[in-house]
Amino acid sequence: MAEIPIRSFLVSLVVLRETPEGARVLLLRRTQSLAGEWCQVAGGIEEGETAWQAALRELKEETGLSPGRFYSADICEQFYEADRDAITIAPVFVAFVTDGEITLNEEHSDYRWVGFDEARMMVPFPGQKRVLSHVENHFLAKEPSKWLKIDIS
């Protein structure tokens, strides 16, 4: 019997900012893989890094931002890759940032701060939409569990 490999080599990060109009989600327009699509911060885990360290590094590399509060989202983004015949599972993190200048790297051509409804319309995959709904329900509709907070000081 053949098995489908399960790979976990990348992280996903939902970046949030509180505004007078409500919480906003940061979406980035990709230039390389998935070119032209709007996605959250994501990237590979490097040798010697934990998943949460990779998420912080990717946030800094892709946007120049640093979070004030940082959490495990307690959910994984998962998808099937037909070209590899593999299932990829990526732990998701949540970063709350204050207003800061965004400096995009070469992986992105544009960014937008949008509400959750608009974000769900912009991202291309159902798994991303599920992650956004989960974050909205567990990190904004109510105070996130203190057990999910990651001390980055």
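Two strands count as paired if DSSP finds at least two bridges between them. The exercises below apply this to a predicted model.

**Exercise 1. Strand S7 and its partners**

Task: Find which strands pair with S7, and in which sense.

Solution.
- Start with S2. Six bridges join S2 to S7, and the two run parallel. Within this pairing, Val14 has Val94 of S7 as its bridge partner.
- Go on to S1, residues 6–7. S1 also pairs with S7 in the parallel sense, over two bridges. Here Ile6 is matched with Ile87 in S7.
- Then take S6. Ten bridges link S6 and S7, this time antiparallel. Phe70 stands opposite Ala95 of S7.
- Apply the cut-off. Pairing needs at least two bridges. S1 has two bridges to S7, S2 has six and S6 has ten.

**Exercise 2. Cover on S7**

Task: Is S7 mostly covered or mostly open? Then place Val97 within that picture.

Solution.
- Count the buried residues. Nine of the twelve residues in S7 are buried, so the strand is mostly covered.
- Locate Val97. It belongs to S7, residues 86–97.
- Test its accessibility. Val97 has a relative accessibility of 7%, so it counts as buried. The limit for buried is under 20%.
- List its contacts, leaving out residues up to four places away in sequence. Val97 touches Val15, Leu16, Arg17, Glu18, Leu65, Ser66, Pro67, Gly68 and Trp113.
- Check a distance along the chain. Phe70 and Val97 are 27 residues apart, and their C-alpha atoms are separated by 9.0 Å.

**Exercise 3. The partners of S3**

Task: Work out which strands S3 pairs with, and by how many bridges.

Solution.
- Begin with S2. S2 (residues 10–19) and S3 (residues 22–30) are antiparallel, with four bridges. They form a hairpin with two residues between the strands. One bridge joins Glu18 to Ala23 in S3.
- Next comes S8, residues 108–114. It is joined to S3 by six bridges and runs antiparallel. Leu28 is bridged to Tyr111 of S8.
- Finish with S4, residues 38–39. S3 and S4 pair antiparallel over two bridges. Leu28 has Cys39 as its partner in S4.
- Read the two Leu28 results together. Leu28 is bridged to Tyr111 in S8 and to Cys39 in S4.

**Exercise 4. Positive phi outside glycine**

Task: Compare the setting of Asp74 with that of Asp85.

Solution.
- Take Asp74. Its phi is positive, about 60°, although the residue is not a glycine. Asp74 sits in strand S6, residues 69–81.
- Assess its exposure. The relative accessible area of Asp74 is 57%, so it is exposed. The limit for exposed is over 50%.
- Turn to Asp85. Its phi is near 50°, again a positive value in a residue other than glycine. Asp85 lies in the loop between S6 and S7.
- Place that loop. S6 and S7 form a hairpin with four residues between them, and Asp85 is in the turn.
- Assess exposure once more. Asp85 has a relative accessible area of 37%, so it is partly exposed.

**Exercise 5. Two residues of helix H1**

Task: Is Glu58 buried or exposed, and what do Glu58 and Leu56 touch?

Solution.
- Place both residues. Glu58 lies in helix H1, residues 51–63. Leu56 is in H1 too.
- Judge Glu58. At 6% relative accessibility, Glu58 is buried.
- List the contacts of Glu58, with neighbours within four places set aside. They are Val41, Ala42, Gly43, Gly44 and Thr63.
- Do likewise for Leu56, not counting residues up to four places away. Leu56 touches Pro67, Phe70 and Ile152.
- Add a distance. Leu56 and Asn137 are 81 residues apart in sequence and 23 Å apart, C-alpha to C-alpha.

**Exercise 6. The whole chain**

Task: What is the order of elements, and why does the protein count as compact?

Solution.
- Count the elements. There are three helices and eight strands.
- Read from the N terminus. The order is β-β-β-β-β-α-β-β-β-α-α.
- Apply the globule rule. The radius of gyration is 15 Å, close to the 15 Å given for 153 residues, so the protein is as compact as a globular protein of that length.
- Check burial. Of the 153 residues, 44% are buried.
- Check contact range. Among contacts between residues at least 6 apart in sequence, 69% join residues at least 24 apart.

Note on methods
Residues numbered from 1 in each chain as written. Predicted model: local features only at pLDDT ≥ 70, side-chain atom pairs only at ≥ 80, totals over all residues. Heavy atoms only, no water. Rg over C-alpha atoms; globule rule 2.2 N^0.38 Å. Buried < 20%, exposed > 50% of the residue type's maximum accessible area, 1.4 Å probe, protein only. Contact = heavy atoms within 4.5 Å.
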